[in-house]
Each structure stands twice: as structure tokens, then as C-alpha cells.
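Colleague: Got a minute to walk me through this one? I'd like to start with the loops.

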Amino acid sequence: MNPQSNRSRTPAGAPARELPPSAGQRMPPRPAAASDGPQGGHLARTHETERRLLRERLLFLNDATVQIGESLDLREVASGLAHALVPWLADLSAVYLLDALFSELELDQQIPGPAEAPLAAVRLTAMTHDLPCVGREHRVAEGRVQVMCPASPVHLAMAGGEPVVLPRVDEAVAAALADTDPSGGLSPLVRDHSMVVLPLRVRGRVLGAVLLSRAKDRPGFDAIDLLMARQLAAQAGLGVDNAYLYRAQTAIADALQRSMLPARLPDLAGIEVAHRYVPASDTAQVGGDWFDAIALPGSRVALVVGDVMGHGVRSAAIMGQFRTAVRTLAALDLPPGQILRHLDDLTRTLGDDYLATCVYAVYDPVARRCEITNAGHIPPVLLHAGGKAEVLSVPAGAPIGVGGVAFEPVEVAVADGDVLVLCTDGLVEVRGEDIRSGLAALCDNLAAPHAPGALSLDARCEGLLRALHTGDAHDDVALLMAHLRGIPSDDVAHWLLEPRPTTPGRARRLVRSTLAGWGLSDCVDVTELLVTELVTNAVRHATRPIELRLLRTDALLCEVADDDHHLPVLRYAEEDDEGGRGLQLVSMLARRWGTSRTNTGKVVWFEQALGAL
């Protein structure tokens, strides 16, 4: 090479300076002019050679563009660019991307702007070369991060937004490339080579740069080489930006899903719950399916699985509204049929696009019964403790939002050790087949014998997904499995008390003797006090027997039910008030407390931790 200067940088906004033309050692050589023969034959051969060169360049650009744009992963885009350039255009290629592109994404995060990008840390994301002195091919491990020296051609290209062309990399340039990299970076591999550095730009933003170098035995970069490199850098910039936007979209979708679905279901007495959720979309990890387990008074549990029509973020947003509405209605402790009735009425006021199927089941671990109501959803499956699995016969109803259809409840007797399985049709639906065949496959898989180590509920969930959910599924999957354990009768005490002035005293004696028998003497004083307050209030308003119930699980639960439909309200009692302090005491001394309406009146309950208070 006969370089005219050590460094040649193109001013921003101006085309890169053309270097003396050369096709490059690995490009088909341009043939020398013939010394004999007719002039027409020479021109024909020249035109044919030029057409062949043009065709090969176009094929190279096409293959390289495909290689760069076939992924939505930042590292794969960078690797595709680096590998596409070697050996056709360069002996060594390195791709630098802003390190901020790889950070954990926040919803309001922004990458550095055009002025800040050259001063920001960059990551050597991919490198490949064809230099025989160091091996046929080499890729630097990702993670090498540095802030480029202002004299570095990478910094200059990112700052100016135009290619930087170096006929020869001298010691100063090599030192600038390794300024903040203790290992020396690329400097030993590019010293005395010709080099081109192009910024990776898209929509006015600089996302990084790509460096190309040629060894001394290969001619420098000509104008056509530079034009092709710019085209590929522009394509790579779009690929990097698309990959970053995809990551941002995925981060938003993940955040939306985490806010919509329970990350962990609560630990509940008398029942163990496991779940799985698999979205159908590869681009947005959210969908319209949802599941929930909601604690109800009396240690009962509401189990819910629903499926909003459609997929993607919009369906997920609608699903979030449904799930919130169901939890709100469940807090009122309404019967399952009324829950779905109110949900249907609410949905039809929101719009015609709000359609969903849903199954709502309430498990009572004391009575060992499930009350189930269906709204156009696939029926639940019950795996009996003996190993038989059956599809429960539940009226199908109609999807939420259709209106005008009754939601009929069904009561099912269950035994300790049974497993209730609720799922969406994405798990059992197979294109071209009746849904009953999918349910039959679900029952067969549940009833199949399992190895002793795979009997946990979580393992059963995972096994069902592996067996039934194929990789080409086009629908979301929500799966909820509940191991029904029940609450032993020895841990339940229940009395009916007449509403008389002497009833609070009798309630105290019953509580004291029961807790002593349970070995909970430390809880007696506080429990007696709170039970006295609740029973006294019930005596004032009840016209029928008052129900008092104690349940010992992982906590001590006390319930007082009467036939008065007016719920008590917690209020602040003034010093001269004669009453109003009962619920204040309950609120201060109980771990949790609440009220809810029943078909016959109301229930007031409180919960205490076991042991010393």
C-alpha cells in the first residue's frame, strides 16, 4: 500500500473519500486488458466480467442482509454482521454496541442520545477474523466493555455519524483503540492494516459501530467496498434497533403479566394449589387466560380459571379487569352463581368486545364439598384419591358478556386426597378434533401411575404440560390444580346459641374449654374477649340462633354468624360514647378480621396466630 496519510476521516454529512480502486484479494479479480485479438472480443469479455462481479456483489449483499436480519437478539444480529463481512469484505470485523442496550430494561428507560452515545460505554459484542497468524476464526467473548478514547476511530465514527477510513493503522491509532482496555483489545490484530469504521445509525440515533480491517497483503477498501459496507451497516442498525425494541416490548409485556396474574398463590388451610401459565404468543408473553385462588371466610377457597377471547396485550388488559372484578365480587362472599351473574352484568356495560369463559368453584374443607358454576368454559376434572379421573358434569352456561343465560351451580362431594383440575382449552384443544378427546387425554394422563418421586402437585402440573401442550399450540394455557386435603373434624368446634343475655357468658366458657383441649391456653384471654364482643353484638340484633365456630389450622379462626343482614362498621368511639368499641378491640388485637353477607344474614370473623400473643 502507498498510503497518502495515516488517517483519513470523512467530515459529517459528506461522502466518504474514495481510495484508489481495488477489488480485494478475495473478490474475483478484474482481468488485465488483452494484448491481442479483436477490440470487440476484448470489450465483450470486459462487460461479461463486470456483469459477473456485479452479480456476485449483489448475491453477497443479499446473503449478508438475510444473515443480519434473521434474528431479534442483539448478540445474534451483531454476530451475523461480523460473520457476513469476513472474508468477503474484510479480514477482521468487530461490532461495538452501546452497553446500555444490554441493561435490564425499565419501562421509562432511554438509551443515550446522539450527543451522549460517543462518550458512553460500548461493548465489543461480536468479532470474527480470517487472519492465519491467530487462527482461522475467532470471536471475542461478550462482556468486554470500554469507553472509547476520543482519538479512537470508533469514537470518531460514532461522534461524526459518518465512516472513518484509515489507509493504515499506525501505533497511535492502535493505542487509541486499546486506551481503556487492559488486554489491548483489537490493537495487535489491526496494526498496520487498512481500516474502515462505520457507525450503526437508525432514526437519528447512534447505537454503536462496526470496524473492518484488511491485512497488509490485501489492497485497501475502494469506493464500492465502502458503499457495500455502508449498506450492511444500515441494515445492521435497523436489526439492532428492532432487537432493542423487541426487548422493550417483551419487558412491558412481562411487567403487564406480573401485574395481572398472581406470582404466588396464598398458602391456604386444607388445600394445596399449583399452577402454570403459558402464553401462545412468542412476541408478547401475555394473553387472556387467568387463574386465581381466593381465601373466603370459614377457611373456604374460591378457585377460578378464565379465558378472554383473543390473544396479546389487549386481551391481557381485559383479563386484568375480569380478574379484579372477580376478586372484588368474591370478597362479598356471594354464591358462585351470583358471582358470575354480577360479572356478566358488569361486562355488558363495558362493551361488546368483553367476552370470556370462566369456571368458578368454592371448596369447603370442613364440609368437604365443592360448589361449581360454569360460564361457557370447559368443565373441571376431578382426580379421585383412588386414582380414577372424571370430567365433572357441570351445566355449560354461556360466556361472560353474552347475557340472558342462567349460571346454574352444582355441588360435588369430594374426599380428602382428591385433586381438582381447572384449565383453559389451550391445554386440551387439538385442531380438527373434538374437545372431548382432549379431555379424555387429560383424564388418562391424570389417572396414569406415577413414580413415587413425581407425585408432588407441582410435578403433576409440569407433567400435564409436557404431555398435552405441544410446541405449535396456538392458544394460551392456564392450569390450576388443587389438592383437597380437608380440615379434620377434631380441629373444628361448632355451636348454635340462643340470642339471650346469658349467651356471651356461655360462649366464653365454651371457648375456654375448647382452647384448653387444643393446647392453646395462651390464646384464651384474647379470644374470650373478642368472642364476647362479637356475640354481644349478635345478641342485640339476632332473632334466630347464633352460630359460633372455631377452626384450628395454621391459625385460630373464630366466626360468629347471625340472621341480621346489616354489616357492622368500624368507627372511632369518643370518650363519652357508651358503645362502639367492640370492633376497635377486634381490629387492634386480631391478626385479621372481616365481615361478609350470607344467604341468611351475616358472619363476622377474626383470626389469631397460634401460640403466645
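Modeller: Sure. One definition before that: strands here are DSSP runs of at least two E residues, numbered from the N terminus. Also keep in mind that this is a predicted model.

Colleague: Okay, so where is S299 found?

Modeller: S299 sits in the loop between β9 (289-295) and β10 (301-308). Its phi is near 65°, a positive value in a residue other than glycine.

Colleague: And is S299 buried or exposed?

Modeller: S299 is buried, because its relative accessible area is 15% and buried means under 20%.

Colleague: Which other residue has a positive phi although it is not a glycine?

Modeller: R368 has one, at about 55°. You'll find R368 in the loop between β11 (356-364) and β12 (369-375).

Colleague: What joins V86 and P87?

Modeller: A cis peptide bond, with omega at about 5°. P87 lies in the loop between α2 (74-85) and β2 (92-98).

Colleague: Switching to helices. What does T503 touch?

Modeller: Leaving out residues up to four places away in sequence, T503 touches L497, E498, V535 and V539. T503 belongs to helix α12 (residues 503-517) and is buried, with a relative accessible area of 5%.

Colleague: What about R506?

Modeller: R506 is in helix α12 too, but R506 is partly exposed, at 40% relative accessible area. On the surface, R506 gathers with R500, R508 and R509 in a patch of positive charge.

Colleague: Which residues make the nonpolar surface patch?

Modeller: L529, M588 and L589 make it, and it covers about 280 Å². M588 is in helix α14 (residues 582-589) and counts as exposed, at 60% relative accessibility.

How values were computed: Residues numbered from 1 in each chain as written. Predicted model: local features only at pLDDT ≥ 70, side-chain atom pairs only at ≥ 80, totals over all residues. Heavy atoms only, no water. Helix = DSSP H or I, 4+ residues; strand = E, 2+ residues; numbered from the N terminus. Buried < 20%, exposed > 50% of the residue type's maximum accessible area, 1.4 Å probe, protein only. Contact = heavy atoms within 4.5 Å. Patch = residues over 30% accessible without salt bridge, like charges linked within 9 Å, V, L, I, M, F, W, Y side chains within 5 Å. Areas by Shrake-Rupley, 256 points an atom, 1.4 Å probe, with all protein chains shown as cover. Salt bridge = Lys/Arg side-chain N within 4 Å of Asp/Glu carboxyl O. Lys, Arg positive; Asp, Glu negative; His and termini not counted. Charge placed at Lys NZ, Arg CZ, Asp CG, Glu CD.
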